[in-house]
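Biologist: I would like to go through the cysteines and the unusual backbone angles here. Please show me the chain.

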Amino acid sequence: QMQLVESGGGLVQAGGSLRLSCAASGRTFSSYCIGWFRQAPGKEREFVAVLNWSDGNTVYADSAKGRFTITRDNAKNTVYLQMNSLKPEDTAVYYCAAIGAVGYGAHYRYPDHYAYWGQGTQVTVSS
């Protein structure tokens with residue numbers, strides 16, 4: 001089993017920045033890809049970004065490109081989501097999740113394919 005714990009959410013003004021963290025315990029990320037998703041009230045959970053732990057390859061949703069960066073710290077078994085130039089429409093609960101690396105390219109956008117989830121962290125961007 002893998003446990004994921006997110007942190008770093010909060011309230012920020014539009015144009016500000018936040019860095020979210022996703023720390024793993026129970027298993028290492030070595031054979032997984034770690035994705036970030038978000039869910040706003042009344043909306044479906046949507047893909048934000050994913051990182052392949054083994055090769056560092058990353059993919060971003062169009063809404064995140066140029067503003068968000070997903071990175072990792074191998075020693076801490078932690079993945080980060082640096083969010084800059086935040087907008088009110090970025091307001092949501094942000095979740096990190098783990099998906100097996102094999103064949104992830106066809107599935108990384110879909111929440112149902114992720115095996116492990118964190119509890120989520122609230123991000124609120126005021127205008």
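Modeller: One definition before we start: helices and strands are DSSP runs, a strand having at least two residues in state E, and they are numbered from the N terminus. Keep in mind that this is a predicted model.

Biologist: Which loop holds N77?
Modeller: Two strands frame the residue. One covers 68-73 and the other 78-83. N77 is therefore placed by the DSSP strand runs, in the loop between β7 and β8.

Biologist: What is the phi of N77?
Modeller: Most residues other than glycine have a negative phi. N77 is not a glycine, yet its phi is positive. The residue belongs to the hairpin of β7 and β8, with 4 residues between the strands. There the phi of N77 is near 50 degrees.

Biologist: Is N77 buried or exposed?
Modeller: The cut-off for buried is under 20% relative accessible area. N77 has 13%. So N77 is buried.

Biologist: In which sense do β7 and β8 pair?
Modeller: Pairing needs at least two bridges. β7 and β8 have 6 bridges. In one of them, I70 has L81 in β8 as its partner. The sense is antiparallel.

Biologist: Is S85 buried, partly exposed or exposed?
Modeller: S85 sits in the loop between β8 and β9. Its phi is also a positive value, near 50 degrees. Partly exposed covers the range between the 20% and 50% limits. At 41% relative accessibility, S85 is partly exposed.

Biologist: Which cysteines form the disulfide?
Modeller: The whole structure was searched, and 1 disulfide turned up. The sulfur cut-off is within 2.5 Å. The sulfur atoms in this pair are 2.1 Å apart. The partners are C22 and C96.

Biologist: How many residues apart in sequence are the parts that C22 and C96 tie together?
Modeller: C22 lies in β3, residues 18-25. C96 lies in β9. Because the cysteines are in these two strands, the parts they tie together are 74 residues apart in sequence.

Biologist: What is the handedness of the disulfide?
Modeller: C22 is buried at 0% relative accessible area. C96 is buried too, at 0%. The torsion about their S-S bond is about 70 degrees, so the disulfide is right-handed.

Biologist: Why does C33 have no bond to the closest cysteine sulfur, and which cysteine holds that sulfur?
Modeller: C33 is buried, with 0% relative accessible area. A disulfide needs sulfur atoms within 2.5 Å. The sulfur of C33 has its closest cysteine sulfur 13 Å away, which is too far for a bond. That sulfur belongs to C22.

Note on methods:
Residues are numbered from 1 along each chain as its sequence is written. This is a predicted model: local features need pLDDT of at least 70, side-chain atom pairs count only at pLDDT 80 or more; totals for chains, interfaces and linings use all residues. Side-chain values use heavy atoms; hydrogens and water are left out. Buried means under 20% relative accessible area, exposed over 50%, partly exposed in between (1.4 Å probe, protein chains only).
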